[in-house]
Amino acid sequence: MRTFLQLKRADMPPLPPEMAGDDVRFPESLVAHFVAAYTTPGAVVFDPFAGFGTTLRAAERMGRQGWGLEYDARRAAFARAGLAAPERLIHGDARALADYAFPAVDLALSSPPYMLREDPENPLTAYTTPGAGYAAYLRDLQAVYALLAGRLAPGGRVVIEVANLKSDAGVTPLAWDVARHVGAVLAFEGEVVIGWDAYGYGYDHSYALVYCAP
Ligand SMILES: C[S@@+](CC[C@H](N)C(=O)[O-])C[C@H]1O[C@@H](n2cnc3c(N)ncnc32)[C@H](O)[C@@H]1O
């Protein structure tokens, strides 16, 4: 497995104008890399933070089953419209992952909702409610991945795409903090560094953190 990838966001298809201002997608090329590395046709690929449906769409294109959860109703509807099996994208809350029916997961791949240390909103309600701070956010995210650990198929993997974030207040070491928190509930297998043509928050690279069952 290569541990450095160079990928482009520039080739992503445009979003409808009403959604284009909040384009938090990763490209299908990222999904394709990990789906090819860790799954075979027919496998279950799951995204607990499905967003615009990139993971599920790319998985379907590669002959895998795309399953996922998305909190935001408008994004869930948009994602469903692009899927061959739209019923597998559930409008729901990853914090309640235990409540949803989906098959054992061969690969979970996501870029979780993120925050700067100083942000006031809760990323895990898609920024629609006040947050309880960065530490609480990391604990909630850890709890999601603890639930996911119990839903992995034998040999299943979890890949999290995440970056550190620079702002006027300094660096939020989000990648390090997510790695540490998720590493307490899943076994860390290593990271892949992804170089991007464009990224944001002061960086042009991110990390794909790879885990398996503890
Ligand atoms: C960084 S985006 C993921 C984008 C996705 N990788 C794509 O390419 O479209 C994170 C997503 O998680 C969603 N989200 C936030 N809180 C959530 C929760 N509790 N359960 C499920 N989804 C949630 C947000 O609405 C957002 O769409």
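## Views of a predicted chain and its strand E5

**View 1. The surface and overall build of the chain.** In this predicted model, the accessible surface of the chain comes to about 9,400 Å², and 55% of that area belongs to carbon and sulfur atoms. The secondary structure amounts to 6 helices and 10 strands. The chain has a radius of gyration of 16 Å, close to the 17 Å that the globule rule gives for 214 residues, so it is as compact as a globular protein of that length. Its C-alpha trace spans about 45 × 40 × 35 Å along the principal axes.

**View 2. Burial and contacts within the chain.** Among the 214 residues of the chain, 51% count as buried. Of the contacts with a separation of 6 or more, 64% are accounted for by residues that lie 24 or more positions apart.

**View 3. Strand E5 and the strands that pair with it.** Strand E5, which covers residues 105-110, is mostly covered, with 5 of its 6 residues buried. Strand E2 (residues 44-47) pairs with E5 in the parallel sense over 2 bridges, while strand E6 (residues 152-162) also runs parallel to E5 and is joined to it by 5 bridges.

**View 4. Alanine 108 and its bridge partners.** Within E5, alanine 108 is the bridge partner of phenylalanine 46, and in E6 the bridge partner of alanine 108 is valine 158.

**View 5. The path from E5 to E6.** Helix H5, made up of residues 134-149, combines with strands E5 and E6 in a β-α-β unit, and this unit is right-handed. The two strands of the unit, E5 and E6, are the parallel pair joined by 5 bridges.

Note on methods:
Residues numbered from 1 in each chain as written. Predicted model: local features only at pLDDT ≥ 70, side-chain atom pairs only at ≥ 80, totals over all residues. Heavy atoms only, no water. Buried < 20%, exposed > 50% of the residue type's maximum accessible area, 1.4 Å probe, protein only. Helix = DSSP H or I, 4+ residues; strand = E, 2+ residues; numbered from the N terminus. Pairing = 2+ DSSP bridges. Right-handed = clockwise from strand over helix to strand, strands pointing away. Rg over C-alpha atoms; globule rule 2.2 N^0.38 Å. Contact = heavy atoms within 4.5 Å. Areas by Shrake-Rupley, 256 points an atom, 1.4 Å probe, with all protein chains shown as cover.
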